[in-house]
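Here is a set of short questions and answers on one protein model. Look at the structure first, then read on.

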Amino acid sequence: MTRTALVIGAVLSGVFLAAALISLVWVPHDITGVSIATRLQPASASHLLGTDHLGRDLASMLMVGARTSIAVAVVAVGIGIAIGVPLGLAAAANRGGWLDEIIMRANDLIFAFPSLVIAILITARYGPSATNAILAIGIFNIPVFARVARGGALPLWTLDYILAARTAGKGKLRISAEHILPNIANLLIVQATIQFSLGILAEAALSYVGLGAQPPTPSWGRMLAEAQTMIYTHPMLAVLPGLAIVGMVLGLNLMGDGLRDLLDPRLRRGVK
């Protein structure tokens, strides 16, 4: 079951990733071209998934929308890892100290504000854009990875090989980099896949309310927002981006579950 979930998740995620990569060099139609004469057409040979209310090709919009969503999620998760993991390792290395207390209380403060609230605050000052959406989601990811890194590192600091490393004269920074980080990498990989899927959802939500990528850049969330007034007359305008979001998130969640079971030695041995 573990490998099945991993394979299905990897295939689903790979389909959307491939579409995003292909859109970098080719799309069936120009996504910025407006053609009222071809608006709201059904699927045909020239438009495989039909057109939207402005005559834009839906297949092309979905491909570029995948690129937008994946780019936002990847960069936001990268921000969380780059800042959160070192903070978590530093907190674990100084457990009970003032540095640990400052880092964890700052994490609690950020957790008090969901990414949507942070985005509203940022866009109120700097305006809505994909960059500000990345910043908002990335800030929210920092305490997530800090907590995972700290939680995974704390038990390791009590083990004999860490004591031996300290006896050999290694400092906390070197021990964290050489011994702690490699042993919590599996936790971070699994958490990254989970945060990646949450980043896709957060980007769609921000774009839906107008705080994410701005026109003419396509976004799955904004495609849903634009389709809501025509959901009864032309439901496919909402169904297609909705299915794209569900498929991408489902694939990432299945892959995360599969990786968790595969990388956890207790689960590999069948120990609950």
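Q: Is Glu 178 buried, partly exposed or exposed?
A: The model is a predicted one. Glu 178 has 39% relative accessibility. Buried would need under 20%, and exposed over 50%. Glu 178 therefore counts as partly exposed.

Q: Which helix holds Glu 178?
A: Helix H7 covers residues 172-208. Glu 178 lies in helix H7.

Q: How far apart in space are Glu 178 and Leu 40?
A: In sequence, 138 residues separate Glu 178 from Leu 40. The distance in space, taken C-alpha to C-alpha, is 58 Å.

Q: Which helix gives the most to the largest nonpolar core?
A: This core has 49 residues, and Trp 157, Ile 180, Leu 188, Phe 196, Ile 200, Trp 220 and Met 248 have the most contacts inside it. Helices H1, H2, H5, H6, H7, H8 and H9 each supply at least two of its residues. With 12 residues, the one that gives the most is H2.

Q: Which residues does Ile 180 touch, leaving out those up to four places away in sequence?
A: Ile 180 is among the residues with the most contacts inside the largest nonpolar core. Sequence neighbours up to four places away are not counted here. The residues touched are Leu 89, Ala 153, Leu 156, Trp 157, Ile 162 and Ile 175.

Q: How many residues does the other core have?
A: This core lies apart from the largest one. Val 72, Ala 76, Ile 137 and Leu 211 are among its members. Its residue count is 12.

Q: Are H7 and H8 roughly parallel, roughly perpendicular or oblique to each other?
A: Their axes lie 6 Å apart, at an angle of about 40°. Roughly parallel needs an angle under 35 degrees, and roughly perpendicular needs 65 to 115. H7 and H8 are therefore oblique.

Q: How many charged residues are in the contact of H7 with H8?
A: H7 brings Ile 200, Ala 204, Ser 207 and Tyr 208. H8 brings Trp 220, Gly 221, Arg 222, Leu 224 and Ala 225. By class there are 6 nonpolar and 2 polar residues, and the number of charged ones is 1.

Q: What is the hand of the crossing of H2 and H9?
A: The two axes come within 11 Å and cross at roughly 35°. The crossing is right-handed.

Q: How many nonpolar residues does the contact of H2 with H9 have?
A: Leu 58, Leu 62 and Ile 70 of H2 meet Leu 237, Leu 240, Pro 241, Ala 244 and Met 248 of H9. The contact has no polar and no charged residues. The nonpolar count is 8.

Note on methods: Residues are numbered from 1 along each chain as its sequence is written. This is a predicted model: local features need pLDDT of at least 70, side-chain atom pairs count only at pLDDT 80 or more; totals for chains, interfaces and linings use all residues. Side-chain values use heavy atoms; hydrogens and water are left out. A nonpolar core is a set of buried Ala, Val, Leu, Ile, Met, Phe, Trp, Tyr and Cys residues joined through side-chain atoms within 4.5 Å. Buried means under 20% relative accessible area, exposed over 50%, partly exposed in between (1.4 Å probe, protein chains only). Helices (H or I, at least four residues) and strands (E, at least two) are DSSP runs, numbered from the N terminus. Contact means heavy atoms within 4.5 Å. Axes are lines fitted to C-alpha atoms, for helices over the stretch in contact, and angles run from 0 to 180 degrees between N-to-C directions. Angles under 35 degrees count as roughly parallel, over 145 as roughly antiparallel, 65 to 115 as roughly perpendicular and the rest as oblique. Ala, Val, Leu, Ile, Met, Phe, Trp, Tyr, Cys and Pro count as nonpolar, Asp, Glu, Lys and Arg as charged, and the others, Gly among them, as polar. A crossing is left-handed if the near helix is turned anticlockwise from the far one by less than a right angle, and right-handed if clockwise.
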